[in-house]
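Q: I'd like a close look at disulfides in this model, please. From there, do carry on to the other side-chain contacts and the pockets.

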Amino acid sequence: MKKFIKLYKRQRRHREFSRRYKYSYAFVGMGNHSLANLYPVLDHLAVPLKYVVTASSRSADILNHSSGKYRAVCDLQTVLSDKNIEGIFICTDPRHHYDLCKLALQHKKVFL
């Protein structure tokens, strides 16, 4: 029985790591929690982030010069109008969640 459990776990792990995402995603937020926890997990899982939305253009400029993985913007409308974006990860101050989720739903984006 242990042999079958081990085999199943290995197959499940292989399936998860070889999974390809069909769509691109965006991430809203650049706080300590995002940088320390969420971005590394998304990178490890190879989630295709197309955009990172920041509050300031200075942060966006720094990100655009340091990373070629995604495009940093400080205008959420850029993300909302992109038809290739399936979902938006929202990691901001909780008082902004309602408005951001409402915008995501209005533009038929899944908020995560």
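A: The structure holds zero disulfides, a disulfide being a pair of cysteine sulfur atoms within 2.5 Å. This is a predicted model, in which local features need pLDDT of at least 70 and side-chain atom pairs count only at pLDDT 80 or more, while totals for chains, interfaces and linings use all residues. Residues are numbered from 1 along each chain as its sequence is written, and side-chain values use heavy atoms, with hydrogens and water left out.

Cys91 takes part in no disulfide, and its nearest cysteine sulfur belongs to Cys101, 12 Å away. Because that distance of 12 Å is too far for a bond, the sulfur of Cys101 is not joined to that of Cys91. Both side chains are set away from solvent: Cys91 is buried at 19% relative accessibility, and Cys101 is buried at 15%. Here buried means under 20% relative accessible area, exposed over 50%, and partly exposed in between (1.4 Å probe, protein chains only).

If disulfides are missing, which contacts can we follow instead? A search of the whole structure finds three salt bridges, each a side-chain nitrogen of Lys or Arg within 4 Å of a carboxyl oxygen of Asp or Glu. In one of them, Asp82 meets Lys50, with the closest N and O atoms 2.8 Å apart. Asp82 sits in the loop between helix H4 (76-80) and strand E4, and Lys50 in strand E2 (residues 49-53), so this bridge ties together parts that are 32 residues apart in sequence. (Helices, H or I of at least four residues, and strands, E of at least two, are DSSP runs numbered from the N terminus.) Asp82 is buried at 10%, while its partner Lys50 is partly exposed at 29%.

Another bridge joins Lys69 to Asp43, at 3.1 Å from N to O. Lys69 lies in the loop between helix H3 (57-66) and strand E3 (71-73), Asp43 is in helix H2, and the two are 26 residues apart. Lys69 is exposed, with 55% relative accessible area, and Asp43 is partly exposed at 46%. Arg95 and Asp93 also meet in a salt bridge, 3.2 Å from N to O; Arg95 is exposed at 66%, and Asp93 is partly exposed at 36%.

Helix H2 also takes part in the ring contacts. There are three aromatic pairs, meaning that rings of Phe, Tyr or Trp (its six-membered ring) have centres within 6.5 Å; planes under 30 degrees apart count as stacked, over 60 as edge-to-face and the rest as tilted. Phe27 and Tyr39 make a tilted pair, 4.5 Å centre to centre with 40° between the planes. Phe27 belongs to strand E1 (residues 24-28) and Tyr39 to helix H2, so to speak bridging twelve residues of sequence. Phe27 is buried at 2%, and Tyr39 is buried at 11%. Phe27 also pairs with Phe89: the ring centres are 6.1 Å apart and the planes at 25°, so this pair is stacked. It links strand E1 with strand E4 (residues 85-90), across 62 residues, and Phe89 is buried too, at 18%. Tyr25 joins Phe27, Tyr39 and Phe89 in one aromatic cluster.

Tyr39 and the Lys69–Asp43 pair bring us to the second largest pocket. Its lining is Tyr39, Leu42, Asp43, Ala46, Val47, Pro48, Leu49, Lys69 and Tyr70, and helix H2 (residues 32-44) gives the largest share, three residues. A pocket is an open set of points on a 1 Å grid over the protein atoms alone, where a 1.4 Å probe fits, with protein on both sides within 12 Å along at least five of seven lines; lining residues have an atom within 4 Å of a point. This pocket has a volume of about 170 Å³, the space filled by probe spheres set on the points, which are joined across faces, edges and corners. By class, seven lining residues are nonpolar, none polar and two charged. (Ala, Val, Leu, Ile, Met, Phe, Trp, Tyr, Cys and Pro count as nonpolar, Asp, Glu, Lys and Arg as charged, and the others, Gly among them, as polar.)

The largest pocket has a volume of about 200 Å³. Its lining includes Val28, Gly29, Met30 and Cys74, and it divides into seven nonpolar, five polar and no charged residues.
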